[in-house]
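Here is a short report on a protein model. It moves from strand pairing to an aromatic contact and a pocket.

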Amino acid sequence: MKKIILFTFIISAFLFQTGICGSIEVKNAIIYAAPPNANNGGAFMEIKNLTDKEMVLTGAENNVSRVTELHTHIEEQGMKKMVQVKEIKIAPKSSAVLKRGGDHIMLINLKKPLNAGDTVNIKLIFSNNETVNVDNIKVVKP
Ligand SMILES: [Cu+2]
């Protein structure tokens, strides 16, 4: 019995680190380095819904900025601009792709500049109270 518990623990520790929680798998997470005077940064990733029910991303937290918001881009009078959204829906057995010019996670009011080579931890929060930790996301040059 002890062996099984230990085994389960190791497996969950492993899954935890790679951003899988049974329902959700996160791939290709990336953050672009911001100029030294930038106050905000954007995080991009593919969030795969492994279940046969819709999953709804309702929020996120991170360790480098004071505020974390879900954003998308809209076009207004021919200009693309970012707006906050309450949620990002992920259809059953499919992915939400957070990318530049589209949906993204906004890191607002950075505690320190984001430099290439830094790493960031983001926690994704879903409407069913499930959370997924996406740790050690690499900051790269844009
Ligand atoms: Cu944004």
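## Strand β8 and its partners

Strand β4 (residues 65-76) and β8 run antiparallel and are joined by 6 bridges. Within this pairing, V67 stands opposite I108 of β8. Two strands count as paired if DSSP finds at least two bridges between them. β8 also runs antiparallel to β2, with 4 bridges joining them. Here G41 stands opposite L107 of β8.

Strand β8 covers residues 104-110, and 6 of its 7 residues are buried, so the strand is largely enclosed by the rest of the structure. Buried means under 20% relative accessible area, exposed means over 50%, and partly exposed lies in between, with a 1.4 Å probe and protein chains only.

## Basis and overall make-up

This is a predicted model: local features need pLDDT of at least 70, side-chain atom pairs count only at pLDDT 80 or more, and totals for chains, interfaces and linings use all residues. Residues are numbered from 1 along each chain as its sequence is written, and side-chain values use heavy atoms, with hydrogens and water left out.

The protein has 1 helix and 10 strands. From the N terminus, the order is α-β-β-β-β-β-β-β-β-β-β. Helices (H or I, at least four residues) and strands (E, at least two) are DSSP runs, numbered from the N terminus. Of the 142 residues, 35% count as buried.

## Strand β9: two faces, two neighbours

In a regular strand the side chains alternate between the two faces of the sheet. Strand β9 (residues 119-126) shows this alternation. V120, I122, L124 and F126 point to one face and are buried. T119, N121, K123 and I125 point to the other face and are not buried.

β9 has strand β3 (residues 55-62) as an antiparallel partner, joined by 5 bridges. E61 stands opposite K123 of β9. Strand β10 (residues 131-140) is also antiparallel to β9, with 6 bridges between them. T131 in β10 is the bridge partner of I125. β9 and β10 form a hairpin with 4 residues between them. In that turn, N129 has a positive phi of about 75 degrees.

## The aromatic pair and its arginine

How many aromatic pairs are there? The count comes to 1. Rings of Phe, Tyr and Trp (its six-membered ring) pair if their centres lie within 6.5 Å; planes under 30 degrees apart count as stacked, over 60 as edge-to-face and the rest as tilted. The ring centres of Y32 and F44 are 5.6 Å apart and their planes are at 55 degrees, so the pair is tilted. The pair links distant parts of the chain: Y32 sits in strand β1 (residues 24-32) and F44 in strand β2 (residues 40-49), 12 residues apart.

Y32 is partly exposed, at 23% relative accessible area. F44 counts as buried, at 11% relative accessibility. R100 lies over the face of Y32, at 4.1 Å from the ring centre. A charge sits over a ring if NZ of Lys or CZ of Arg is within 6 Å of the ring centre and within 35 degrees of the ring normal.

## The largest pocket

Which residues lie nearest the centre of the largest pocket? They are Y32, G41, G42, F44 and R100, out of 16 lining residues. β2 gives the most to the lining, with 4 residues. β2 and β8 each supply at least two.

The volume of the largest pocket is about 170 Å³. On a 1 Å grid over the protein atoms alone, a pocket is an open set of points where a 1.4 Å probe fits, with protein on both sides within 12 Å along at least five of seven lines; lining residues have an atom within 4 Å of a point. Grid points are joined across faces, edges and corners, and a volume is the space filled by probe spheres set on the points.
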